[in-house]
Amino acid sequence: MSNHTATTALAAEHAPRMQMAKLAPEVYKAVLGLEIAARKGLDPSLVELVKIRASQINHCAFCLDMHTKDALAAGESVERVVQLAAWEESRHFYTEKELAAIELTEAVTVLTDGFVPDEVYARAAAQFEEAELAQLIAVIATINVWNRIGVTTRSTPGHYTPGQYKQG
C-alpha cells in the first residue's frame with residue numbers, strides 16, 4: 001500500500017476548461033441564488049448528503065471535494081460520508097428521512113426511465129412535509145446544475161476549503 005511520499009509521483013492536475021463564473025457571471029449568480037433559496041429550511045447535514053450523492057452519480061470531482069469537506073467540517077462523520085456511495089447496503093448509517101432523500105436524489109439525478117418512480121416519491125413524501133419536500137427537490141435540481149457545470153468546464157478538485165463559498 002502506497003502512502004504517496006515525495007518519491008511517489010501523482011498524476012498531473014488537469015486545467016479547467018473555462019472559468020464559468022467569470023465568463024457568464026449572471027448565470028453563475030442566478031444558480032447561486034437558486035442554491036441559497038433551495039436549502040432554506042432543510043437540515044444542513046441532509047443537504048450535504050444529497051449533494052455528495054448526486055455528485056458521486058454525476059462524477060463531479062469538484063463538487064465531491066467541496067461537499068465532503070463541508071460535511072466533515074460541519075461535523076458529519078467520515079463513516080457516513082464514505083458509506084454514502086453504497087447506501088443501500090449501509091442503510092443502518094442513515095435515518096429513514098435521509099434514506100428517502102438519498103433515494104429521491106438518485107431518481108431525480110439519473111432519470112433513466114424518464115420519470116421519478118411513484119414509490120420513491122411516496123417514500124420521500126411520507127418523510128418530509130410538503131414544503132420541505134419542495135425545498136429538497138430544488139436542492140437536488142440545483143446540485144445537478146452545479147455538477148453539469150463542474151463536469152463540463154472540468155473544474156479542478158482539491159483546492160476548496162470548507163465554507164469558501166458560503167453565501168447564506
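1. Start with the buried side of α3. In this predicted model, the buried residues of α3 are Leu46, Val47, Glu48, Leu49, Val50, Lys51, Ile52, Arg53, Ala54, Ser55, Gln56 and Asn58. That is 12 of the 15 residues in the helix, so α3 is mostly covered. The list isn't purely greasy, by the way: Glu48, Lys51 and Arg53 are on it.

2. What sits on top of α3? The cover over its buried residues includes α2 (25-39), α4 (61-73), α5, α6 and α8. As for geometry, the 15 residues at 1.5 Å each should give a span of 21 Å, and the end C-alpha atoms of α3 are indeed 21 Å apart, so expectation and model agree. Just past the helix comes His59, with a positive phi near 55 degrees.

3. Now α6, residues 96-110. The check on its span reads just as well: 21 Å is expected for 15 residues at 1.5 Å a residue, and the distance between the end C-alpha atoms is 21 Å. This helix is mostly covered too, with 11 of its 15 residues buried. The buried set is Glu98, Leu99, Ala100, Ala101, Ile102, Glu103, Leu104, Thr105, Glu106, Ala107 and Thr109. I'd look at these alongside their packing partners, which are α3 (44-58), α5 (78-83), α7 (118-127) and α8 (130-153). The α3 and α6 entries match up: α6 is among the elements covering α3, and α3 is among those packed against α6.

4. Glu103 deserves a click. This residue lies in helix α6, and its relative accessible area is 18%. Buried or partly exposed, then? Buried, because the cut-off is under 20%, and Glu103 comes in at 18%. Setting aside neighbours within four places in sequence, Glu103 is in contact with Trp87, Val120 and Arg123. Val120 and Arg123 fall within the 118-127 range of α7, one of the helices that the buried residues of α6 pack against.

5. Glu132 makes a good companion to Glu103. Glu132 is in helix α8, and again the relative accessible area is 18%, which counts as buried. Which residues does Glu132 touch, not counting those up to four places away in sequence? Gly41, Leu42 and Lys97. Of these, Lys97 falls within the 96-110 range of α6.

6. A few backbone angles are worth a look. Most residues other than glycine have a negative phi. Leu111, which follows α6, has a positive phi near 50 degrees despite not being glycine. Leu111 sits in the loop between α6 and α7 and, at 42% relative accessibility, counts as partly exposed. Arg154 is another such case, with a positive phi of about 55 degrees in a residue that is not a glycine. Arg154 lies in the segment after α8, and its 36% relative accessibility makes it partly exposed.

7. Stay with that segment for Pro157. Pro157 is found after α8 and is partly exposed at 26% relative accessibility. Leaving out neighbours within four places in sequence, its contacts are Glu13, His14, Ala61, Phe62 and Asp65. Ala61, Phe62 and Asp65 lie in the stretch 61-73, which is α4. How far is Pro157 from Gln127? The two are 30 residues apart in sequence and 33 Å apart in space, C-alpha to C-alpha.

8. Stepping back to the whole fold. The protein has 8 helices and 0 strands, so the order from the N terminus is simply α-α-α-α-α-α-α-α. Of the contacts between residues at least 6 apart in sequence, 72% join residues at least 24 apart. Across the 168 residues, 38% count as buried.

9. Overall dimensions next. A compact globule of 168 residues would have a radius of gyration near 15 Å, and the 17 Å found here agrees with that. Along the principal axes, the C-alpha atoms fill a box of roughly 55 × 45 × 30 Å.

10. Last, surface and charge. The accessible surface is about 9700 Å², and carbon and sulfur atoms account for 58% of that area. There are 15 positive and 21 negative side chains, with the centres of the two sets 9 Å apart.

Methods: Residues numbered from 1 in each chain as written. Predicted model: local features only at pLDDT ≥ 70, side-chain atom pairs only at ≥ 80, totals over all residues. Heavy atoms only, no water. Helix = DSSP H or I, 4+ residues; strand = E, 2+ residues; numbered from the N terminus. Rg over C-alpha atoms; globule rule 2.2 N^0.38 Å. Buried < 20%, exposed > 50% of the residue type's maximum accessible area, 1.4 Å probe, protein only. Contact = heavy atoms within 4.5 Å. Areas by Shrake-Rupley, 256 points an atom, 1.4 Å probe, with all protein chains shown as cover. Lys, Arg positive; Asp, Glu negative; His and termini not counted. Charge placed at Lys NZ, Arg CZ, Asp CG, Glu CD. Expected span 1.5 Å × (residues − 1).
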